[in-house]
Structures are given as structure tokens and as C-alpha cells.
Amino acid sequence: MKKRLDISKEFAKKLNSNKINTIILFGSVARGENLEDSDTC
């Protein structure tokens, strides 16, 4: 299973936009309290 940080980096790379400076994670992932099914649909 991919780590959420790796998924975030892949997502940012695929956006391929010079207009985006920052991507901010929030919720349980940002707090480091995420479980396997946290913040997912």
C-alpha cells in the first residue's frame, strides 16, 4: 500500500501547474492520527 505522502507527491506532480505553490493536508493525516481508512471514501 502506498503511503499518503507518496500519493500526495504523485498528485501534485500530475497537476503540472506553475500556479500552485502549496498543497495543505488537513484532518487526521495532518495530525498524524490517521488509520488505514481515515480521510478516504
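What percentage of the 41 residues of the protein chain count as buried? Keep that in mind as you look at the whole model, which is predicted. The answer is 7%. With everything still selected, colour by secondary structure: the protein chain has 2 helices and 0 strands. Now switch on the surface. The protein chain exposes about 4,100 Å², and carbon and sulfur atoms supply 55% of that area.

**First stop: helix 1**

Select residues 4-15, which make up helix 1. If you like a quick check of geometry, take the C-alpha atoms at its two ends: they are 17 Å apart. For the 12 residues of this helix, a rise of 1.5 Å a residue gives an expected span of 16 Å, so the model agrees with the expectation.

Next, step just past the end of the helix and pick N16, which follows helix 1. Its phi is positive, near 45°.

**Second stop: L15**

Go back to L15, which belongs to helix 1. Is L15 buried, exposed or partly exposed? Its relative accessible area is 37%. Buried would need a value under 20% and exposed one over 50%, so L15 counts as partly exposed.

Show the side chains around L15 and look beyond its neighbours within four places in sequence. There you will find L15 in contact with I20 and I23.

**Third stop: F11**

Move along helix 1 to F11, which also has its place there. F11 is partly exposed too, with a relative accessible area of 48%. While you have F11 and L15 on screen together, here is a reminder about helices in general. An α-helix has 3.6 residues a turn, so residues three or four places apart point the same way.

Now add I23 to the selection and draw a distance from its C-alpha to that of F11. The two residues are 12 apart in sequence, and the C-alpha to C-alpha distance is 9.8 Å.

**Last stop: the patch**

Which residues make the nonpolar surface patch of about 350 Å²? Select F11, L15, I20 and I23 together, and you have it. Two of its members, I20 and I23, are the contacts of L15 that you met earlier, while F11 and L15 come from helix 1.

Conventions. Residues are numbered from 1 along each chain as its sequence is written. This is a predicted model: local features need pLDDT of at least 70, side-chain atom pairs count only at pLDDT 80 or more; totals for chains, interfaces and linings use all residues. Side-chain values use heavy atoms; hydrogens and water are left out. Helices (H or I, at least four residues) and strands (E, at least two) are DSSP runs, numbered from the N terminus. Buried means under 20% relative accessible area, exposed over 50%, partly exposed in between (1.4 Å probe, protein chains only). Contact means heavy atoms within 4.5 Å. Accessible areas come from the Shrake-Rupley method with a 1.4 Å probe; for residues, only the protein chains shown count as cover. Patches are made of residues with over 30% relative accessible area and no salt bridge: like charges are joined within 9 Å, nonpolar side chains (Val, Leu, Ile, Met, Phe, Trp, Tyr) within 5 Å. A salt bridge is a side-chain nitrogen of Lys or Arg within 4 Å of a carboxyl oxygen of Asp or Glu. The expected span of a helix is 1.5 Å times one less than its number of residues.
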